[in-house]
Each structure stands twice: as structure tokens, then as C-alpha cells.
Amino acid sequence: MKELFPLKQVMGFVFSLVLTAVALSVVMFDMSFAMGMTILLITAFVQAMLQLMVFMHARETEDSGLILANVYYGVFIAVVTVFGSLLALIWGYM
Amino acid sequence: MEFFERFAIPHPSPIIYASMVAIGITLLAIIAGLTFFKKWGYLWREWLTTVDHKRIGIMYLISALLMLFRGGVDALMMRAQLATPEAQLLDSQHYNEIFTTHGVVMIIFMAMAFIIALMNFVVPLQIGARDVAFPRLNALSFWLYFMGAMLFNLSFVIGGSPSSGWTSYFPLAGNEFSPSVGTNYYMIAIQIAGIGTLITGINFIVTILKMRAPGMKLMKMPMFTWSALITNLIITFAFPVLTVALAMGTMDRLFGTQFFTTGNGGMDMLWANLFWVWGHPEVYILVLPAFGIYSEIISTFAKRNLYGYKSMVASMVIISLLSFVVWVHHFFTMGQGAMVNSIFSITTMAIAVPTGIKIFNWLFTLYKGSIRFTVPMMYSLGFLPIFTIGGVTGVMLGMSAADYQYHNTMFLVAHFHLVIIPGVVFAMLAGLTYWWPKMFGFMLNERIGKWAFWFISVGTCVAFFPMFISGLDGQARRMYTYSESTGFGFWNMLSFVGAVALAIGFIIIVYNIYYSTRYASRDIGSDPWDARSLEWATHTPVPEYNFATIPEVDSSEAFWDSKYNGHKLFKGKLKEIHMPNNSGVPFIMSALFFVLGFSFIFSIWIGVIVSLLGICACLMHRSFEKDHGRHISLEEVEKTESELRGGK
Amino acid sequence: MKLDHSQPLEYSSEQGRLNILGFWIFIGAEVMLFGTLFASYFTLEGRHGSGPSGAEIFEIAPVLFETILLLTSSFTVGLAIHAMRLNNKKAMMTFFIITLVLGLAFLSVEIYEFTHYIHEGAGLTVSAFSSALLTTLGTHGLHVTLGLFWGIFILIQVAKRGFTPETANKSFIFSLYWHFLDVVWIFIFSFIYLKGMM
């Protein structure tokens, strides 16, 4: 039975629950918008990295360089698209 | 009866009725011909169900040429209408429909198909592979594209064409200002073709990354393969944006959502923003493979290896990233602040740098080369100056302050045609002529080809240079007519003359294909150009398994080395070969997508449900299917090989 | 077929390795798909016209519940793959079934959530905000729904055919897909709900 629950994945799961709880703190406590966003950005991206490395086994094969390069490229462009759109459509008018 | 009224053309004219008849007759002729010559079985077995990348490439090619004809006729009609002031050939609605379909057909259904055609045929051969990574998905890609293209062209005769420009800006494209189903066609046909393109992107990335011949490290890939890799990378990350934008546009039109409306918080400029987040990378999707083709052709016909291989690769990687950070330059006049415009002006000018590096690399390759003026080489040499003019005017447009003057004028139209025609069309014609012998086993006639080249290149200059002047004088794009007092008449007449020259050029190419099919020698060997990369190392015609033994490579020009420097390409012994099975599922599934799209366009919900269930059934069938492909026996391989060798 | 026995079963065939890399690249495209949805949502977030805003309709309890359901299902599908590598078919199928049941529970809560929003006056056609919200959530929900059907197909194949290079490969790819949906949900949870309620 024990062999079915590898420590690494169990710890990953516990850690992801902890991160969720930390993220939840932004609505539980009164804090500034900047502070809240900082917490959310950190917890969300750490959580994503956790899934990627622990659960998705992104580093286990000979292709891991390609896989990670591809994911990072996608994330980079997605972030550029999100912030670029906000810049062009909202912040650019301020 | 009420049910059928929705299919009527809202704004008919004799031209449209004539095309209805023409389409009907053509369809009947095709069906009758296939039945009479008993070719239905052949068509199904050899083409509709094929998963062979070479055949799929050829089907893409035929579709692209058909779409080139359709888009070209649109272009001629526009130029004819504008040739004289206050002409009556087309009314404003028809003119709107024609410039819309011209843009969509040329970009999405012609240029994209053409580059994918050449990638399909050439890339697996260039890397020494037997097929792509996912042959069946490749067939699905083609059929989705094909059904999307057919659906879009159907708009002409059923329900009316889209008329809000190839960019389909909201609120013009919304229900209020475009009440006909035309814009539904736009949203859904491009969506279907776009899904096919996205699948191609993933397929070719995996193919190029994982299926290269032994010894072919990334930095030893031929330049066309490099350009295909980067292009497909951009496809994979740009097309999802289009998918989302089109889905939102469709929902606005069919389900009453408020994304791009002008009330209830909707934001019409969000469409423009998303469209160009996809649209600008799309420009590089089209032009990078063209750069790859020019690199192959220039080094082959200058008899020199490509100058600055590493900088060529680096510039493409930089372009792939920068292409995603410049999109706002398409709407500098939206009203955002100077800060935003400045940022995107700078990124825009930055992207000209890697492109410039490539131009210099080609020039240095030519320098001291022993140049052979073949047709592909002439297109490449014609490309350099004309493209540079198009590119430099792009930098002018990229300066946001100056752009207020150029925006939406014929200056812009001149700019992007002078980029796309030499950058893409010349490259496609050059690539077609260059790889034609590998595809079909004979060469296109050089003398006729040169006539076509001169008509096309001079025609391009005559057609588009005048637009710089009339644009700076204030002629807006997309206006269906103008008064005599504007003084635009002369320049537009000149453009019309150029357009006719271009058309003559294309007719000469068609004649060349006919002439060469009848008279050209079939005895050309497998390497008629004395070329440098692996696609020329196999036989002509290419056997279905491409290479009987997988070549081994130690440089980016392994075939050249094997001819002149004593490199041994084929070391292994013949073995039996594993190949994928043909499948009818991609075709059937895409046909269901056609029904789905059509039903969506006309809001026939029962059709939507039935075709969706059919698509799910196809997916399920695929999931449960056990298909391990088939083996070509050793005897069969030996027989084919000796026949092909004897044929030389 | 050439098999490489030094690797886990899902990587053992050439086609299997291509499939896995291909799926990773597809995930890259999906990152961009959701990135675009997020870009649209953030742009339209404050534009709720005469309809309610996010702060007025979001409820923390169902959202937190959905988050925990999906996080747990992501954990169990990971365990299923681990069990598959131990060649324990029974455990693998058990974890797989738990995953799908959790996915179904997630969907049920999401359907409740949607009816709640419509009840509160934030239907699909009310405002740019409500259109963007329901489309973004709906796209994720649609992915989960498709995943449920796909997962059932794979489960049937594992039950009938046991662990072969193909079924192992499909199960592994399904797990990638499922983890990815969890990642997307984390971003929805953080930047749509929590940010909206902050």
C-alpha cells in the first residue's frame, strides 16, 4: 500500500494545498492591492511549477530541454499578450 | 419556403448568377468525369485517404493554386473598378465583398496553403525522414483547411460574402452593420482552417525535432527546415489567439454576447487587438518559409554554401520572439497615449534589424558566386530589391507619429503588397519551379518561365509603386470609387496596367505547366539542379518510403559533400520498411466539420448537433482503433529500388 | 515494433515518445489559448455595464470547493501513473476512477456556480464582463468535460487490453492534460476569483 503513495507526490499535494491557503489569505485579511497581487502571482506561479515538475514529470526524459523551452516560450508570449493588451487597451489611456 | 429564404444572396448581380451556373457546371463535369472514367475508387484510395506527406503536399499545392486564381480574379475586378474615376463596374457593396474575400483568400487559403504545401513535400525529405511524426493528423490538417476554404468560397453563391474587410473590425462586423451571414462565413470558415493549421504546426515541430537523420544536429539542418521549424513554432503559439478571437466574434454574432459591442461594456478595439496579436506573427509565418526557400535557391545557384548560417538561424529565432511584441503598430491611430505608441514603434523598428541581416547574408552568398540565372534564381534576385522597398516603407509606417499620415491610405496597401508579393508569392513560384522536378518528374520550361518572371516582377512594380504616390496624396484604401478632380485617375490606371501584366504572368505560368507536361523530358535524373540538400539524394519520382536506407549526415549540405567531398550518405543495408496505413477518418471528420460550419453559419441547430455527434464518433473510433501500420517487405523495396535506378 | 525496455512503458515505442512530445507542444498552444482568454477577461473585467460586477457575484465557498476537488484529482491521476509504472493495474484503475469522479464533482459544482451567476443577473449576454467570465470558465469546463469522456475511453481500453505501450502512452498523456487543466484552474482561482474579491 505504501509504495502506491510516493513521498514526493504526497509532499507536492500537501504543498499545493498550503499554497492555496496562502493565496486565500488575500481575501481573508485586509491588505493593499499591490500586496495581494504579489502574493497571488507568487503562489500561482509556484503552484504551476510544482505541477510541472512533480506531477507532469517534465524533467524525466531526454526531451526535457525541448519540453521546458516550449513551455517557457508559451508562458513568455502569453504574459506579453496579457500585459501588452492591458497596456494598449487600458493603461495606455491613463 | 421560409427556411430556404436565408440562403438567398442579399445583394445579387449578373456576375454572381453567372458564377452560380459556372460552379454548378464544374461540379457536374467533375462528377460526370470521375464516373465516366471510373476514377472514384482511385480518388478515394490514392488521394482522399492518403497519409503520405508528398501527396498531401501536392493536394495543398493544387488547392493553393485554385485559391490564387480566385483571389487573383478578385484583385483584377478591384483594379478594373478603380482604373477610372467614378466607374460603374461594381457597386459599393460588391466592392466591399471583393476586397474582403481577396484578402482572406490570398492570406489564409492561398499563401498559408502554399507554404504548407512546400513544407509538407520538402521537410521530411530534407531531414531524411519517411513521413511526418503524425501522418494521420497531417491528413486531418489538410482536409480541415480544404473544407474551410470550400466553405468560405461557398459564401459567394449561398447567403452572401463577408464585406467588412479581411480584418473584420467590429463594430462594422457586428450584427448591426453586417446583418447578412457573410461575416458568419468569415468567422467559421477561418476557424476550421485555423484548427487544421494549428495541427500542422504541432506536427512539424515534432517531426523536425525528433525525426532527423542520424548526425543531423540542429545546427546542421538545411535552412529551409530551420525556417519551417521557426514558422511552425510561431503557428503553434499564434493560432490559438485567432481561435479565441474568432470564437468570441462568432458568439457576439450568434449568441448575443457583448465582447465587441458598443454597449454594455463591450470593447470593439479588443477585436482589433486580438486580431493583430495573431495577425502580426502571421506575417512572419508567411515570410519565414520564403526566406528559407531563398536561402536554398541562392546557395544552390550561386554554387556557394550559405553565408552566415548561424546568424541566419539567430535572426529567425529573434524574429519569432519579436513578431509577438509589435502588434499595436497596426492601430497606432486608435487613440492610446504616446508612451504605448513609442514602445511599439521601437519594437517594430527592431524587427527590421534581423530581417536586414538576412538580406546581407544573401548578398554575401551571391558575392563571388558563380551564378546561374535559372527561373528560381531570377525570382530570388528580383525579390531582394523589391522586398527591400516594401520593407523600408514598413519602417516608415512603423514610426507612430508619421503613421497618422499613412494610416489607411493606399501607401499602406502598396507597402504590404510589396512585402507579401516578393516575400511570399515570388518565393512560392521560385520554390515551385525549384522542387517541381522532384514532385512531378520533369522540369518546367525555363524560357517560358523567364517570360512569366518578367511579367510578374515588372507587373508588381507597375501595379504597386503608383499607390505610394496616390496614397501620400490622400487616396484612402477600400474606397470603391473617387472623383476625377482628385487626380488619382492616372495612378490607378497605371496600377490597373500592372495588375493586367501580373495576370498575364500567371497565365504564362499555367501555360508553362501545360506545355512542360506535354513536351518536357522525363529523363532528368534525381538531381537536375546540382543541388545541395538531402531531398535531391533520393530518386525521382520519390518512392512512398522516401529513402530505402536512412541517410547519415555530418554537415548542413550532406548531399553536396556526398557528390564532391566523398561523404558516404547511405551506409545501412536494405530492410523491410514500416509505413502508416491510409485512413478515411480525416476526410470524413473534416466533411462533418464542413456540415457543422455550414449549420452554424445559418443557425441550423439540428445540423450542428448531428455533425458534432459525428465528429465525436470519429474521435472515439480513433481512440479505440488498433492500427500498427503496415510493412513493405524487403523484396518489394529491392524491386522498387532497382526499377527506379534503372529508370535513371 | 521496436521497444526500448529501459524506459517506462509509455515511452517505450518511438511513436509513443513522439506522441508525448507532441502533446507537450499542444499544451504550449493551450497556454496561449488560455492566455488570450485571460487577456480578454482582464481587459473587460471592469466593464460590467448595468449588470453586476465580479465582487458582487463571486462566492468563496463553491470556488474553494472546486479548487480542492481539482487539486485532489490532479494528485490522484499522478498516483495512477505511479501505479501504472509499478505495473499495478488494479490500483491504477482505482486512482483513475477516483480522478474521473472528482472531475465530475468539479463539473457539478461549476454548473451550480453558473446557475447562481445567471440567477444573480450575470447571464452570458448581460455585459462584456459576464460574457468574458462565463466564456473563460466555460472553456475550462469544456476541457474538463472532454477530459472526462477521454478518460473513460482510456479506462475501458486499460481494462480490456491491460498495460500495452499504447494504453500506457494514452494514460500518461491524459495525466498531462489533467494536470494542465489543474494549472489553468489555479490561475482562474487566483486571478479571476481571488483578485475579483480582493
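**Chains A, B and C: questions and answers**

Colleague: What makes the domains of chain A two separate units here?

Modeller: The domain assignment does: domain 1 spans 1-56 and domain 2 spans 61-94 of chain A. Those bounds come from an automatic or database assignment. This is a predicted model. The C-alpha centres of the two domains of chain A lie 21 Å apart.

Colleague: How do you know that chain A and chain C are in contact, and how many residues does each give?

Modeller: Two residues are in contact if their C-beta atoms lie within 7 Å. On that test, 39 residues of chain A and 36 residues of chain C take part. On chain A, α1 (7-28), α2 (33-55) and α3 (64-89) each supply at least two residues. The largest share, 14 residues, comes from α3(A).

Colleague: Which classes make up the side of chain A that touches chain C?

Modeller: That side has 25 nonpolar, 12 polar and 2 charged residues.

Colleague: What does the contact between chain B and chain A take from each chain?

Modeller: It takes 15 residues from chain B and 12 residues from chain A. On chain B, α8 (223-254), α9 (268-301) and α11 (338-366) each give two or more. The most, 4 residues, come from α9(B). By class, this side of chain B has 12 nonpolar, 3 polar and no charged residues.

Colleague: Why is the largest set of 289 residues called a nonpolar core?

Modeller: A nonpolar core is a set of buried residues of listed nonpolar kinds, joined through C-beta atoms within 7 Å. The largest such set has 289 residues, and Phe109(B), Met110(B), Ala113(B) and Ala245(B) have the most contacts inside it. Helix α5 (residues 92-126) of chain B gives the largest share of this core, 23 residues.

Colleague: Which residues does Met110(B) touch?

Modeller: Leaving out residues up to four places away in sequence, Met110(B) touches Ala64(B), Met67(B), Leu68(B), Gly71(B) and Val105(B).

Colleague: What makes the span of α5(C) close to the expected one?

Modeller: The expected span is 1.5 Å times one less than the number of residues. Helix α5 (128-161) of chain C has 34 residues, so 50 Å is expected, and the helix reaches 49 Å. After α5(C) comes Gly162(C), with a positive phi near 70°.

Colleague: How do you know that the two domains of chain B touch, and how many residues are involved?

Modeller: By the same 7 Å test, 21 residues of domain 1 of chain B are in contact with 16 residues of domain 2 of chain B. The C-alpha centres of these domains lie 35 Å apart.

Note on methods. Residues are numbered from 1 along each chain as its sequence is written. Chains are lettered from A and ligands numbered from 1 in the order in which they are written. This is a predicted model: local features need pLDDT of at least 70, side-chain atom pairs count only at pLDDT 80 or more; totals for chains, interfaces and linings use all residues. Ala, Val, Leu, Ile, Met, Phe, Trp, Tyr, Cys and Pro count as nonpolar, Asp, Glu, Lys and Arg as charged, and the others, Gly among them, as polar. A residue is buried if 20 or more other C-beta atoms lie within 10 Å of its own, exposed if 12 or fewer, and partly exposed in between; C-beta atoms are placed from the backbone.
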